[in-house]
Amino acid sequence: MRIALRRLLKSPGFTLLAVLTLALGIGANVAVFSVVNAVLLRPLPYPEPDRLVLLREKSAQFDAGSVSYPNYLDWREGQKSLTDLALYRRENFNVSLPAAPGATAEPERVFGARVTENFFAILGLAPRLGRAFTPEEDAPGGPRAVLLSDPLWRRMFTSAPDVVGRTVMMDGVERTVVGVMPPEARLPTRSEFWVPVGELRSSPGTLLRGAHGGWSSLGRLRPGVTLAQAASELNIIAADLDRKYPDTNAGRRVSASSLLEGYVGDYRHSLWLLLGAVGGVLLIACANVANLQLARAAGRARELAVRAALGAGRGRLAREMLAESALLAA
């Protein structure tokens, strides 16, 4: 190994070129595999994630469109295959802490979500501080409450342990912090807070059966129930709603998928193709370094012949070549 190291130091141009070639190939693979591992291979950070089901509405225009709020209520009341159904959608607010007298609070645009009060119970997550929403907060005219994500709690409240009960301004409305969720809570993606759906339940735009305001539904399969069975039951309910409300529900059915598949299904094929592509780049990098090694070995033919004449065996010479390759790889 010492001889191999001295030889590499005597050829800094060759050594630097080989190391950079390998580093580029390895770096691209590490970066893409990190994405594939986080998105496709690693299980969702919830208890029994394979039982979590994402429900959307299927129509002639969309395979997985948003859910109508009245349809969600009928699904929830009529189904028996899921422990419960929750509703949620993305929303963003201008968020700031209440300003001191005579001062102006600088708002921050933050991505979050509206959720029903049973949302985190279905996910199987409990707040790290405080509590989740109550049914009273998820009702029209209920108290204005908010749940914070772990990053928002750390950034805006500097990880204050007494954050529960404090207030925060959201689009000019004062809300009370009732809890802080653990880092695993990140549904929908990039959400940094959650507010109840209830305050919208008296809105005509929400109560119209034909209104599809970007809602998704989340459920958890009961033990022993398969996704196919749950989808079949929900589609029976959807077919009944089709007959009752032909003006708004004609041809509408339920699209059911596992939560993981619902979020990564559109990207799965592309990510595997990308991983295969960078794998090819790594093979090309290795082939290039191998060619450099062969050219270097050819230039040392006289030296190797002299060493062989002095008694060095083939194994001894091969081990030195392998030592150089191992040092470059390291």
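What volume does the second largest pocket have? About 170 Å³. Keep in mind as you read that this is a predicted model. Here are my notes on its pockets.

1. Let's stay with the second largest pocket for a moment. Its lining is made up of Met1, Ile3, Ala4, Arg307, Arg316, Arg319, Glu320 and Ala323. Try clicking on these in the viewer.

2. Where do those residues sit? Helix 1 (2–10) and helix 11 (314–329) each provide at least two residues of this lining. Helix 11 is the top contributor here, giving four residues.

3. Now the chemistry of that second largest pocket: sorted by class, its lining has four nonpolar residues and four charged ones, with no polar residues.

4. On to the largest pocket, which holds about 880 Å³ of space. It is lined by 30 residues, and those closest to its centre are Thr189, Leu259, Gly262, Tyr263 and Val264.

5. Several elements give two or more residues each to the lining of the largest pocket: helix 2 (12–41), strand 1 (52–58), strand 2 (82–96), strand 10 (253–258) and helix 9 (259–299). So you'll find both helices and strands on that list. Helix 9 has the largest share of this lining, with nine residues.

6. What about the classes in the lining of the largest pocket? You get 16 nonpolar residues there, plus seven polar and seven charged.

7. If you only look at one element per pocket, I'd pick helix 9 for the largest pocket, with its nine lining residues, and helix 11 for the second largest, with its four.

Terms used:
Residues numbered from 1 in each chain as written. Predicted model: local features only at pLDDT ≥ 70, side-chain atom pairs only at ≥ 80, totals over all residues. Heavy atoms only, no water. 1 Å grid on protein atoms, 1.4 Å probe; cavity = no way out; pocket = protein on both sides within 12 Å on 5 of 7 lines; lining within 4 Å. Points joined across faces, edges and corners; volume = space filled by probe spheres on them. Nonpolar A, V, L, I, M, F, W, Y, C, P; charged D, E, K, R; others polar.
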